[in-house]
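The following exercises practise the reading of a protein model at the level of residues and their contacts. Please attempt each task before turning to its solution.

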Amino acid sequence: MSNFYTLISLATITAALTLSGCQQFTHTPLTTIPSLNPGQNQFSLEGKIGVRTPQQSGSAYFTWVQNQAQFSLQINGALGVGKTIIEGQPGQVSLNSAKTGLITAASPEELLEQATGWTAPITYLVDWVQARPATAAAQLQRDDSNRIIQIQEQDWLVDLSYLDAATLPNRLILKQQLEDGQENRITLVIQNR
């Protein structure tokens, strides 16, 4: 159950980004499934995230520190977000920025829905940034070095890119096809691990 709360971090990145108007993601019910690799959620990431929908696009910089079930996330940059601080632990998640004030929730999904009005399997990103599927139902493609280069889970397709012989990705592109032939796209570039 504690892994459920580690998934908050990137869900709230997206929540913070979409607070400025990128709110056109389709409503996809989430089924929270514990990570296939519990206990391996301790890392620090810095990078840039971009969100593109048929209506709007933008990007921001992030610093994310994950320590098992607790995390701290700072987002700076464009999209009218300014500086946003997101923190969480089991049962308590908060997002605080000058634009939105303080928003709290009991879970990442609740915070995302409350802040943006939509849901998506963004919670799977904790596993995806570590080059692993979030559920046993994922469909995977691997390269010649046996690294995962594509994950298909729920209605999202994730392309992972690696620098040279690295075992963890430096870039993830998440795509969700919409009914009208357009797509939602989230690009995550990891500059430092």
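The exercises below concern a predicted model and proceed from the whole chain to single residues.

**Exercise 1. Overall description**

Task: State how many helices and strands the protein has, and what percentage of its residues count as buried.

Solution.
- Step 1. The secondary structure consists of four helices and eleven strands.
- Step 2. The protein has 193 residues, and 51% of them count as buried.
- Step 3. The exposed surface comes to about 8,600 Å², of which carbon and sulfur atoms supply 46%.
- Step 4. For contacts between residues at least 6 apart in sequence, 50% join residues at least 24 apart.

**Exercise 2. Aromatic pairs**

Task: Identify the aromatic pairs of the structure and classify the geometry of each.

Solution.
- Step 1. The structure holds two aromatic pairs.
- Step 2. One of them joins Phe-43 and Trp-64, with 4.8 Å from centre to centre and 80 degrees between the planes. Planes over 60 degrees apart count as edge-to-face, and this pair is accordingly edge-to-face.
- Step 3. Phe-43 belongs to strand E1 and Trp-64 to strand E2 (residues 57-67), so the pair ties together parts that are 21 residues apart in sequence. Both Phe-43 and Trp-64 are buried.
- Step 4. Tyr-124 and Trp-128 have ring centres 5.7 Å apart and planes at 75 degrees, so this pair is edge-to-face. Tyr-124 counts as buried because its relative accessibility is 6%; Trp-128 is buried too, with a relative accessible area of 0%.

**Exercise 3. The nonpolar core**

Task: Determine which residues of the largest nonpolar core touch the most other members, and which element supplies the largest share of the core.

Solution.
- Step 1. The largest nonpolar core has 36 residues.
- Step 2. Those that touch the most other members are Phe-62, Trp-64, Trp-128, Val-129, Leu-160, Leu-172 and Leu-174.
- Step 3. Strand E1 gives the largest share of this core, namely four residues.
- Step 4. As general background, nonpolar side chains in soluble globular proteins tend to be buried together.

**Exercise 4. Gln-42 and Arg-132**

Task: Decide whether Gln-42 and Arg-132 are buried or exposed, and find a polar partner for each side chain.

Solution.
- Step 1. Gln-42 is located in strand E1 (residues 42-52). Gln-42 counts as exposed because its relative accessibility is 55%, and exposed means over 50%.
- Step 2. Apart from neighbours within four places in sequence, Gln-42 contacts Gln-66, Asn-67 and Gln-68. The side chains of Gln-42 and Asn-67 share a polar contact of 3.4 Å.
- Step 3. Gln-42 and Gln-68 are 26 residues apart along the chain, yet their C-alpha atoms are separated by 5.4 Å.
- Step 4. Arg-132 occupies the loop between helix H4 (125-128) and strand E7 (139-142). Arg-132 is buried because its relative accessible area is 7%, and buried means under 20%.
- Step 5. The side chain of Arg-132 has a polar contact of 2.5 Å with the side chain of Asp-127.

**Exercise 5. Gln-150 and a charge over a ring**

Task: Describe the surroundings of Gln-150, then state over which ring Arg-147 lies.

Solution.
- Step 1. Gln-150 is part of strand E8 (residues 148-153).
- Step 2. Residues up to four places away in sequence being set aside, Gln-150 touches Gln-139, Leu-140, Gln-141, Leu-157, Val-158, Asp-159 and Leu-160.
- Step 3. With Asp-159, Gln-150 forms a polar contact of 2.7 Å between side chains.
- Step 4. The C-alpha atoms of Gln-150 and Gln-139 are separated by 8.1 Å, with the two residues eleven residues apart along the chain.
- Step 5. Arg-147 lies over the face of Tyr-162, at 4.5 Å from the ring centre.

Methods:
Residues are numbered from 1 along each chain as its sequence is written. This is a predicted model: local features need pLDDT of at least 70, side-chain atom pairs count only at pLDDT 80 or more; totals for chains, interfaces and linings use all residues. Side-chain values use heavy atoms; hydrogens and water are left out. Helices (H or I, at least four residues) and strands (E, at least two) are DSSP runs, numbered from the N terminus. Buried means under 20% relative accessible area, exposed over 50%, partly exposed in between (1.4 Å probe, protein chains only). Contact means heavy atoms within 4.5 Å. Accessible areas come from the Shrake-Rupley method with a 1.4 Å probe; for residues, only the protein chains shown count as cover. A polar contact is a pair of N or O atoms within 3.5 Å; within protein, one must be able to donate a hydrogen and the other to accept it, and residues adjacent in sequence count only if both atoms are side-chain atoms. Rings of Phe, Tyr and Trp (its six-membered ring) pair if their centres lie within 6.5 Å; planes under 30 degrees apart count as stacked, over 60 as edge-to-face and the rest as tilted. A charge sits over a ring if NZ of Lys or CZ of Arg is within 6 Å of the ring centre and within 35 degrees of the ring normal. A nonpolar core is a set of buried Ala, Val, Leu, Ile, Met, Phe, Trp, Tyr and Cys residues joined through side-chain atoms within 4.5 Å.
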